[in-house]
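Trainee: Could we go through the inside of this protein together? I'd like to start with one residue and work outwards.

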Amino acid sequence: MENWPRNLELLRFSPTDNWTLDDASLGTLILGGTGSGKTTGPFSYIVRSFLRNDFGGLFLCAKKQSYDDCMGIISDEHRNKDVKTFELPESGDAPPPLCFNFLTYEAQRYAQGKVIIDNVVQQLTKAAEICRPASSHEDRFFENAMNQLLRYGLEVLITATGKVDLGLLLKFVATLPTKDYHLEDPERFERFYSLALLEAAKRSPAARPDELEIAEDYITKLWIGLGDKTRGSVALTLTVFLDNLVHFPMRELFTRELTLSPDHVLNGGIVVVNLNIPDHEVVSKFAGVIWKSAVQKAIERRKELV
């Protein structure tokens, strides 16, 4: 915080009236009618003052014009080198887009073996709810059962791989044993990915024996003990729940390898989310909610604020 003292002057409104970092941290409200110049006037002056003082930042651009205006301001203040643009490539020949795997980010922010699985489940639940309408009360049983399956599946997956891959999570669910004799199958490591992943988790330096023991009991006893129809309904509920996140373009932007995160902002960088609502309505809204929430949480978790 040495570079940004709380009394740092960002703007001067008059010879005796300045606007400091302390003032900015209290919140800023800009009022005015449509077309009155809110964005090109006070908003632009404020953002430029932040950029001139080397602040990190997040820009959410839901329209092409917003993106062009944003990049114009950034360029004027000579901050282009700090920008990472979160967007889909315009052609199939372009490199893969930067990916914010927010679930892996949540899992990896803890020390090895200290991940709080319920936090990852909560993040995933909130994310999926953005893409689908709220469920009815009749679905409550299967939602609770799905969350239980998610909790144990993620415990095993994160311990074994150190990340969250929703494709592997669905493979884990699809290969869960359903009969007692499946556990004695000598080829189980090829036929049942879930069991192979469980064994890999046990060997991991991040393994938590008590947690994995509970997960193993769930996989080898409770899951097998469910009726076929109930088991199928729980698995289907999870598949539908994750459907939007495992297909293009959500998959490329949010579930691949983690290549961009709020850490870039905390380190003084700039993330520009460029997803045009007319072209990508659901993805654009999803990205706005996920990025805004993640950056806010990352700021609140900074060591100097703890």
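Mentor: Gladly! Leaving aside neighbours within four places in sequence, L154 is in contact (heavy atoms within 4.5 Å) with I117, V120, V121, T159, V164 and L169. This is a predicted model, where local features need pLDDT of at least 70, side-chain atom pairs count only at pLDDT 80 or more, and totals for chains, interfaces and linings use all residues. Residues are numbered from 1 along each chain as its sequence is written, and side-chain values use heavy atoms, with hydrogens and water left out.

Trainee: Which helix gives the most to the largest nonpolar core?

Mentor: A nonpolar core is a set of buried (under 20% relative accessible area, 1.4 Å probe, protein chains only) Ala, Val, Leu, Ile, Met, Phe, Trp, Tyr and Cys residues joined through side-chain atoms within 4.5 Å. The largest has 65 residues, and L154 is among those that touch the most other members, as are F86 and W291. With nine residues, the top contributor to this core is helix α6 (residues 140-161).

Trainee: How many residues are in the second, separate core?

Mentor: Its members include C70, V83, I270 and V272. The count for this second core is 12 residues.

Trainee: Which element gives the most to the lining of the largest cavity?

Mentor: Two helices (DSSP runs of H or I, at least four residues, numbered from the N terminus) each supply at least two lining residues: α4 (102-108) and α14 (281-300). The lining includes Y105, E106, K297 and R301. The largest share, five residues, comes from α14.

Note on methods. On a 1 Å grid over the protein atoms alone, a cavity is a set of points where a 1.4 Å probe fits but cannot get out, and a pocket is an open set with protein on both sides within 12 Å along at least five of seven lines; lining residues have an atom within 4 Å of a point. Buried means under 20% relative accessible area, exposed over 50%, partly exposed in between (1.4 Å probe, protein chains only). Contact means heavy atoms within 4.5 Å.
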